[in-house]
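I opened my notebook to look up how the metal site in this structure is put together. Here is what I wrote down, step by step.

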Amino acid sequence: MKEIEKTIEEWILFFETEVPKHVTETRWDHIKRVAFYSEELALIHGYEEPKKAYLAGLCHDITKQKKMDIHYELFIEFKVNTEGIPSQALHAYSAPLFINKHFGFFDPEFQSAIQSHTLGNPNPSLLDQIVYAADFLGSDYCQRLQELKDWTIKTKENLHFGIFMKAFKTISLLMEKKEMIHPYTFFTYNFSLQSLKENF
Ligand SMILES: [Fe+2]
Ligand SMILES: [Fe+2]
């Protein structure tokens, strides 16, 4: 008998109990913030399925604390080429595969947004951009800063502000540590900066 498909709301209820089983409490706190910001930014910036944005935020880091073997097993099984993807971004690529494999949920927009939340991508959809910015506002780094309130307001006014800040901070941090920077992150930096300049 074919299982009746769950609605997005039912998947949210499901993952609200499932995700905490895979991450630490601190990571779960971050995830809840990202889900909240994703829905809020979706509503403000006209993404037609704000609950799907919430769900993407809720699931984006589900494999963040998994061992390397788990990521690579999924990439082999789903034939995903992750050549050139830095280790800190592997969880973004494995999370939608993990969810598909273990829970049977698949949605291409959801997959793309989760996959792009660390590096960005050269052709980001509105949902990709929302989750990318939400991951920044919901980060431990932002939560500790006084600027958070101002950055949240600016990201609500213009989504590219949050996108730019995340790409800028990522690049600065990687340069400080003399680490490689993925071209997608440079692209995201240039693309958001260009959009900000056009708007002001
Ligand atoms: Fe992440
Ligand atoms: Fe995250």
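Entry 1. I began with the iron ion (ligand 1) in this predicted model. Its protein donors are D61 (OD), H91 (NE2) and H117 (NE2), and they lie 2.1 Å from the ion. Along the sequence, I read the spacing of these donor residues as D-x29-H-x25-H. D61 sits in the loop between helix 3 (50-59) and helix 4 (68-77), while H91 belongs to helix 5 (residues 90-103), so this pair ties together parts that are 30 residues apart in sequence. I also checked whether the two are buried or exposed. Both D61 and H91 turned out to be buried.

Entry 2. Next I turned to the iron ion (ligand 2). I found H30 (NE2), H60 (NE2), D61 (OD) and D135 (OD) as its protein donors, at 2.2 to 2.3 Å. The angles among these four donor atoms run from 85 to 173°, and the site is irregular. Here the sequence spacing reads H-x29-H-D-x73-D. H60, in the loop between helix 3 and helix 4, and D135, in helix 7 (residues 126-137), are 75 residues apart, and this pair links distant parts of the chain.

Entry 3. How exposed or buried are H60 and D135? I noted a relative accessible area of 0% for H60, so H60 is buried. For D135 the value is 10%, so D135 is buried too.

Entry 4. Last, I asked which residue coordinates both iron ions. My answer is D61, which bridges ligand 1 and ligand 2. I noted 3.4 Å between the two ions.

Key:
Residues numbered from 1 in each chain as written. Chains lettered and ligands numbered in written order. Predicted model: local features only at pLDDT ≥ 70, side-chain atom pairs only at ≥ 80, totals over all residues. Heavy atoms only, no water. Donors = N, O, S within 2.8 Å, 3.2 Å for Na, K, Ca; no water. Helix = DSSP H or I, 4+ residues; strand = E, 2+ residues; numbered from the N terminus. Buried < 20%, exposed > 50% of the residue type's maximum accessible area, 1.4 Å probe, protein only. Tetrahedral: all angles 85-135°; square planar, octahedral: opposite > 155°, others 65-115°.
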